[in-house]
Amino acid sequence: MEFISTRGQERVTGAQAVVRGIAKDGGLFVPQTFPQVTRAELEEMLGMDYPERAALVLRKYFDEYDPKGLLAALKKAYAQFEDGDAAPLVRVENGMYMLELFHGPTCAFKDMALTVLPYLLRKGCDLCGIRQNILVLVATSGDTGKAALEGFKDAEGIKIMVFYPDDGVSKMQKLQMCTQDGNNVNVVAVKGNFDDCQTGVKKIFASEACAAALSEKNYLLSSANSINFGRLAPQIAYYFSAYCDLVSSDQIKMGDKVDFTVPTGNFGNILAAYYAKRMGLPVGTLVCASNKNNVLTDFWQKGMYDCKRPFYKTMSPSMDILVSSNLERLIFELSGRDAALTADRMRSLASTGRYSVRAEELKAYRESFYAGYTGEAETVDCMYEFFTEYGYPMDTHTGVAMSVAQRYEEKRADDPGAEARPMVVVSTASPYKFPQDVLYALTGNDVKDSFKGIKRINLLTAMKVPEALKAIRYKPIRFKQGTVPDKMFEEVLKFVSSEAPAGAAE
Ligand SMILES: *Cc1c(COP(=O)(O)O)cnc(C)c1O
């Protein structure tokens, strides 16, 4: 399978797409065509376990990778998930299901891809004949950083460096990252918000001077951010898997359409759902749920993307994003794959913070997606009511999704022409990952200490506390350093020049 850039003519293999992360023209790599999963293959998937289902999907994009090696890597990745099933589907009421993607090593859905990416990257380097060391650079709004650190720690020939916004992540997220072990990792706080972090990392990627300086140290840059196709591909698989689980448990018939609601930030997760649809999965509407940073909701309403607006810090920090990078891939598809136009729009976004799409494109956006947002108070209400009614605790990001999903369902119920369809709400983090806010939503109680919050949620819900979160309480803080956006590359150079990670002096 060949991949092309959303902004130009560049053509690469799957391995190259993963290793490079981003195209030379600044565009994102997309598959030349959408490979199809046939009805027979979907039937076959019913009897498979999660790694086998994922292998079937991934093989279609990464056909130059050895299929046995790929399956083995997937089995190994998903064996790290608690309780055996990497992506269980939970029925909460008639027609409403939760797709739980938080049972991995860092308790957020980013694990679904970041436990697999190191394999795709390392094998990709082999396939491309690359002999240099790899430096993985990550900008994180909280969950990606930790998941990437866990995925890449102690990987041979690879160093990983994570930048996070100084006070844009939750206490638990910060603690998870700053206690990270592994001898090839580094974590640095950046003054500013997530967009500042992401822009800083993108600048380093776009700079030839940076590449040359790193090359001198025998390092090649790569990205674990969700713009990397190696992040996107493993996420497509769980939409297929959820569908298979609905069929296997007699909730739907093969071929029936299913709606998904996805709590959205950088647009990676929901884009994977759209890719699944383009690969032939019977999907109805994709509901794009945002928090108060509702730039996507406005886009769907007005046809204009406008990120010049106030930035809000919310209880769902992984969705506090104004520039949703992966939207570029959808812009490209719905423009009729017009690379010049996509490049134009992205230039406009960079210079003015805005771009518009044509009326006929907007129609296509609305055909496949519904976009909505919800405020903090509504999210808290929804989490409280859902727990009271169904005994199901959810994290704050999933709370946003549920709140928007309920609004969407009400709207559909008012529409006499709308057929009933099952709704799968994608649950992206463990409630224990945001213990203070979750405890507040469920009980109205404020606690200062995250671990106290965990204990109280456990007493209240009897839900099992993930081992990974229990353990960090007793781990030493290794990383305390901070920087400003303009000095990020200096930190990078320091890191690749050092034998041991900067924070690991003790
Ligand atoms: C990253 C993240 C999101 C947003 O996903 P995108 O792919 O960036 O849209 C939502 N919820 C949680 C818990 C996350 O970690």
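**Close-up 1. Burial of Asp306 in strand β12 of the predicted model.** Asp306 has a relative accessibility of 14% and is therefore classed as buried, the limit being under 20%. The residue belongs to strand β12, which spans residues 304-306. A polar contact of 3.2 Å joins the side chain of Asp306 to the side chain of Arg354. When neighbours within four places in sequence are left aside, the residues in contact with Asp306 are Val295, Gly353 and Arg354. Arg354 thus appears both in this set of contacts and as the side-chain partner in the polar contact.

**Close-up 2. Surroundings of Thr264 in the loop between β10 and α12.** The loop that holds Thr264 follows β10 (258-263) and leads to α12 (268-278). Thr264 is buried, and its relative accessible area is 4%. A polar atom of the Thr264 side chain lies 2.9 Å from the backbone oxygen of Val262. With residues up to four places away in sequence not counted, Thr264 touches Ile270, Cys288, Ala289, Ser290, Leu296 and Met319. Among them, Ile270 falls within the residue range of α12.

**Close-up 3. Phe479 and Val187, two positions 292 residues apart along the chain.** Phe479 is placed in the loop between α21 (467-472) and β16 (482-483). The relative accessible area of Phe479 is 2%, so the residue counts as buried under the 20% limit. The C-alpha atom of Phe479 is separated by 6.0 Å from that of Val187.

**Close-up 4. Packing of helix α7 with helix α8.** Helix α7 comprises residues 143-152, and helix α8 comprises residues 171-178. A packed pair of helices is described by the angle between the axes and the distance between the axes. Here the axes come within 9 Å and cross at roughly 25°. Angles under 35 degrees count as roughly parallel, and α7 and α8 are therefore roughly parallel to each other. The crossing in which α7 passes α8 is left-handed. From α7, the residues Asp143, Gly145, Lys146 and Leu149 take part in the contact, where they meet Gln173, Gln176 and Met177 of α8. By residue class, this contact of α7 with α8 is made up of 2 nonpolar, 3 polar and 2 charged residues.

Definitions and conventions
Residues are numbered from 1 along each chain as its sequence is written. This is a predicted model: local features need pLDDT of at least 70, side-chain atom pairs count only at pLDDT 80 or more; totals for chains, interfaces and linings use all residues. Side-chain values use heavy atoms; hydrogens and water are left out. Helices (H or I, at least four residues) and strands (E, at least two) are DSSP runs, numbered from the N terminus. Buried means under 20% relative accessible area, exposed over 50%, partly exposed in between (1.4 Å probe, protein chains only). A polar contact is a pair of N or O atoms within 3.5 Å; within protein, one must be able to donate a hydrogen and the other to accept it, and residues adjacent in sequence count only if both atoms are side-chain atoms. Contact means heavy atoms within 4.5 Å. Axes are lines fitted to C-alpha atoms, for helices over the stretch in contact, and angles run from 0 to 180 degrees between N-to-C directions. Angles under 35 degrees count as roughly parallel, over 145 as roughly antiparallel, 65 to 115 as roughly perpendicular and the rest as oblique. A crossing is left-handed if the near helix is turned anticlockwise from the far one by less than a right angle, and right-handed if clockwise. Ala, Val, Leu, Ile, Met, Phe, Trp, Tyr, Cys and Pro count as nonpolar, Asp, Glu, Lys and Arg as charged, and the others, Gly among them, as polar.
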